[in-house]
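Work through the exercises below with the structure open beside you. Each task is followed by a solution in steps.

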Amino acid sequence: VQSHLLREEPNNLSAKKEKNLADFFDLLVSVSESGCIYGLVALAFLVIIKPTGIVNFCIGEWSMLGGLIGVSWVVQAALPYGVALPATVISCALVAYAIERLFVRPLVERAAPMLSPVLVLLGLMIVTRETAGWIYGISNIFAPPPFGFTPIAIGPFHAAPQTMLIVAMTLTIFLSAWIFFEKTLWGKAFQAVAINRFAAGLMGINLGRVTALSFAASGAIAGLAGLLESPQTSAYYLVGLPLAVKGFSALVIGGVGKVEGALYGGLLLAFAENFTVRYLPIPSGVALGMPLLLIILFLILRPTGLVGNEGEAR
Amino acid sequence: MLPVFYKGSPYLPKISKFLTNCLPKMIHGFYKFSSDVLRYARSGRRTQRKLMICAILGRAMMRKEVFSRRCAAARRLAGAFSFLAILLTGARADDATVKIGVVGAFSGNSYYYTKQNLEGAQLAVKDLNAAGGILGRRVELLVEDDQDRPDVSATKVLKLIDEGSVVLLSFGSTASVLQNQRVAMEAHTPEICGNYGDTVTTKINNPFMFQIGATASEQLATLLKFASGKYHKVALITDDSATGQDTGKAFRDGLKEAGMEIVAEQTVEVGATDVTPQLQRIRAANPEAVFNSGVSVAENALFFRNYRQLGLSYPILASGNVASPAYLELAPHMLDGVYYADIIDPRKPQLKAVFDGVQREFKHPALGWEPVGYDGVMLFANAIKRAGSLDKDKIQQELITTKNFIGSEVIEGEGYSFSPTQRVGFPADGVVIRAIENNQHGPVIYPKS
């Protein structure tokens with residue numbers, strides 16, 4: 001057995017250059033995959049923040065639920081992926097809607113301070129996580145990718161089919177969100193509530209419905225992010241918080257002004273993460289902290305984010 | 001002056017023990033008795049009856065005429081008896097069990113492993129009780145979750161000691177063990193941890209602290225013996241969890257000590273969605289082999305998946321963490337060819353008995369870390385039996401002189417041994433090397449039987 005352990009590696013210069021270029025393209029694929037996931041989670045934050053101003057850290061747990069519910073549809077119920085995906089998204093939307101009706105709306109209707117729902121949702125984050133651990137167990141669950149693991153080559157890019165699915169779905173969701181906010185009456189209502197909640201209510205916009213819809217949409221997007229990511233990282237009950245932190249960081253970088261900011265923020269965060277670890281000549285552990293430094297720098301130099309307008313309150 | 005109070009008197013230790021152990025118990029018992037009497041006198045008839053039932057006075061005493069309102073004197077007498085019975089039975093219930101306190105991270109990231117440890121301990125207690133207990137007493141586990149927080153861990157250990165734990169098992173991170181062991185040492189309570197961290201027993205001077213898991217440096221030493229000097233330039237990858245960092249440090253130190261050059265050292269963030277940049281860095285450094293000391297299952301599985309997707313094929317030598325069957329499900333066939341240090345030897349009959357027991361009791365297959373909990377309880381049982389009492393100092397003395405105790409862990413034919421200078425019970429050559437083949441944990445390939 002030990003005779004197999006030593007491996008010969010090609011060591012000529014042109015091969016090294018080719019390898020470096022291939023590394024660069026592989027890294028771009030990796031950035032697009034992670035960036036899209038961060039972007040989706042950031043969008044889930046944005047959809048609630050826009051009309052209500054509530055920062056909901058429970059979103060990470062909704063992503064976690066998306067992964068776990070999706071796995072149970074695909075593996076236990078043996079549903080085809082094409083059916084399991086919408087079923088998961090609807091399930092997560094219903095969970096988020098229920099949370100809004102049961103825990104957030106009573107606070108909003110009683111004119112509670114803005115921090116109250118934030119704290120309630122923080123508490124629910126822990127409750128959701130522990131309940132999921134109790135229902136689905138504490139072990140990591142394998143989420144089978146719908147199109148396998150074998151990478152597909154498109155020009156210089158080599159990407160797993162799941163990565164392509166993540167990118168395609170993310171672009172579709174962002175395009176839909178952009179059309180919704182910019183081109184539909186409901187989207188305008190969301191914008192109006194975001195600008196002045198009180199005045200929007202006086203103009204006949206149903207504030208309760210807007211809030212409920214924003215939660216349901218956020219749950220759906222977060223659940224989709226979790227489902228798409230689960231074949232890469234596995235589905236388990238502790239995956240939520242790191243995703244929420246990444247998503248929120250992406251939102252801070254991108255800015256809450258426009259929908260596309262969430263995607264730009266996610267991509268930039270993933271770019272910083274991947275390229276610092278790969279190319280900065282510093283220890284890997286230190287490189288992991290570099291994206292946080294980037295956020296601090298970004299907040300100092302451009303407090304409104306990538307696409308935020310100057311003077312806009314964040 | 002009494003003739004017992006002189007220097008060197010053989011009575012002094014007994015008097016001291018009486019003052020420190022028995023007297024507080026007597027005062028506590030008297031207080032309990034008094035409060036029970038007061039409670040009885042103040043309570044209504046229904047509560048008084050309940051107290052009677054609890055006191056197990058016998059059905060004859062509970063006949064209507066005894067408790068008749070007309071028979072007040074008999075009622076008071078019965079009441080007095082009942083309290084005496086409460087006191088005695090209560091005292092007997094306390095003394096009738098050997099309490100083993102268990103503290104660990106039974107929630108959060110580490111729960112995957114600690115749950116298995118706990119199930120092993122529960123199985124051992126069941127086996128012990130089925131065989132008549134320890135010193136004729138039933139064994140009882142008191143379990144506390146420290147949430148993987150060192151500060152909470154110390155408080156929980158204090159609670160377990162207050163509740164009467166004579167010994168402690170600790171299934172948490174190194175940081176938690178380092179905090180709680182100070183409390184255990186102050187209370188002279190022997191503690192066994194199943195941790196792999198090198199700092200737990202080797203860097204602290206606590207004679208009450210024992211470790212039964214194979215340390216990370218022992219695992220690495222076996223991996224290096226297996227590789228038999230083939231590598232000079234290696235890469236090291238770990239994760240940024242507390243245990244991952246601890247294991248990584250032991251691997252780094254060991255590799256350097258063995259004269260190897262670590263050409264790439266990479267850390268994977270817990271919660272990472274991609275390990276491609278770390279793997280590219282490793283590939284750019286062109287090592288002869290990759291040592292993996294990661295412990296977080298999701299991130300480690302991601303590492304193996306990305307490793308294969310990038311087409312890398314350096315030999316991987318991993319810590320015992322890879323023995324988890326979870327990897328075979330999370331990254332199917334992507335660990336084929338990985339060599340790993342294992343603390344369990346499938347050839348061992350004791351191990352098979354534990355695994356069968358887990359399947360029987362918990363209705364699921366064993367995952368590999370149950371033997372740590374099982375052996376911890378059995379080591380304590382052995383020490384308590386030899387001590388012949390529940391005196392914590394005596395148990396510690398017996399534990400520290402344990403020699404070649406055959407448990408379910410450790411290579412066939414070898415057992416745990418402790419000494420005042422060696423409180424890591426796992427023998428230095430007790431680790432085995434196995435390889436993963438066809439998405440299954442293969443047989444032991446080193447050392448050959």
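**Exercise 1.** In this predicted model, decide whether B:Cys193 is buried or exposed.

Solution. Step 1: the relative accessibility of B:Cys193 is 1%. Step 2: buried means under 20%, so B:Cys193 counts as buried.

**Exercise 2.** Find how many disulfides the whole structure has, and explain why A:Cys36 does not bond to A:Cys92.

Solution. Step 1: a search over all chains gives zero disulfides. Step 2: the cysteine sulfur closest to that of A:Cys36 belongs to A:Cys92, 19 Å away. Step 3: a disulfide needs sulfur atoms within 2.5 Å, so this pair is too far apart for a bond. Step 4: A:Cys36 is also buried, at 5% relative accessibility.

**Exercise 3.** Classify the aromatic pair of A:Phe271 and A:Phe275 and locate the two residues.

Solution. Step 1: the ring centres are 4.2 Å apart and the planes make an angle of 25°, which makes the pair stacked. Step 2: both residues lie in helix α10 of chain A, four residues apart, or about one helical turn. Step 3: A:Phe271 is partly exposed at 38%, whereas A:Phe275 is buried at 12%.

**Exercise 4.** Do the same for B:Phe210 and B:Phe418.

Solution. Step 1: with 5.0 Å between centres and 70° between planes, the pair is edge-to-face. Step 2: B:Phe210 is in strand β5 and B:Phe418 in the loop between α15 and β11 of chain B, 208 residues apart, and the pair links distant parts of the chain. Step 3: B:Phe210 is buried at 0%, and B:Phe418 is buried at 1%.

Methods:
Residues are numbered from 1 along each chain as its sequence is written. Chains are lettered from A and ligands numbered from 1 in the order in which they are written. This is a predicted model: local features need pLDDT of at least 70, side-chain atom pairs count only at pLDDT 80 or more; totals for chains, interfaces and linings use all residues. Side-chain values use heavy atoms; hydrogens and water are left out. Buried means under 20% relative accessible area, exposed over 50%, partly exposed in between (1.4 Å probe, protein chains only). Rings of Phe, Tyr and Trp (its six-membered ring) pair if their centres lie within 6.5 Å; planes under 30 degrees apart count as stacked, over 60 as edge-to-face and the rest as tilted.
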